[in-house]
Amino acid sequence: MARRYFGTDGIRGLANKHPMTSEIALKVGMAAGKAFQNGQHTHRPRVVIGKDTRLSGYMLEAALMSGFTSVGMDVFLLGPMPTPAVAMLTRSLRADIGVMISASHNRFDDNGDQAVRSRWL
């Protein structure tokens, strides 16, 4: 039976508890990057990553960045910002994937990541 990490709003959970660990974030970055690169591209693929101000966002951001860069993608770290800004910057920077690390209105110890826009996925 295949594992499912993504729900309707990306991956959700308590920070540092499965599945919201740096190990899973690293693997998600690698898998998304590999899946994206299976297509034909004339440029080096770009990813933008934004986050909210939760402390766990820094851990998840570094892990995602490591996963994406390990498979040859360029990563732009946007820092703390609102989710719609990530979508806008994904388009204006001509990035191929946009990721927002946020738990929205949930408690401070919740967190999650979700792709906010992707041309190919």
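Which residue forms a salt bridge with D52? In this predicted model, the partner is R54, and the closest N and O atoms of the two residues lie 2.3 Å apart. Let's look at how much of each residue can be reached from outside. D52 has a relative accessibility of 12% and counts as buried. R54 is buried as well, at 13%. Both are classed this way because buried means under 20% relative accessible area.

This pair belongs to a set of four salt bridges that the structure holds. If you step back along the chain from D52 to K51, you meet another of them: the side chains of K51 and E61 come together in a salt bridge, with 2.8 Å from N to O. This contact ties together distant parts of the chain, since K51 sits in strand β2 while E61 belongs to helix α2 (residues 56-70), ten residues apart. Here too the charged partners are tucked away from the surface: K51 is buried with a relative accessible area of just 2%, and E61 is buried at 9%.

Now turn to R44, which pairs with D74 in a salt bridge whose closest N and O atoms are 2.6 Å apart. This bridge also joins distant parts of the chain, as R44 lies in the loop between α1 (22-37) and β2 (46-51), and D74 in strand β3 (residues 74-80), 30 residues apart. What is the exposure of R44? With 47% relative accessibility, R44 counts as partly exposed, because that class covers the range between the buried limit of 20% and the exposed limit of 50%. D74 is partly exposed too, with a relative accessible area of 29%.

Methods
Residues are numbered from 1 along each chain as its sequence is written. This is a predicted model: local features need pLDDT of at least 70, side-chain atom pairs count only at pLDDT 80 or more; totals for chains, interfaces and linings use all residues. Side-chain values use heavy atoms; hydrogens and water are left out. Helices (H or I, at least four residues) and strands (E, at least two) are DSSP runs, numbered from the N terminus. Buried means under 20% relative accessible area, exposed over 50%, partly exposed in between (1.4 Å probe, protein chains only).
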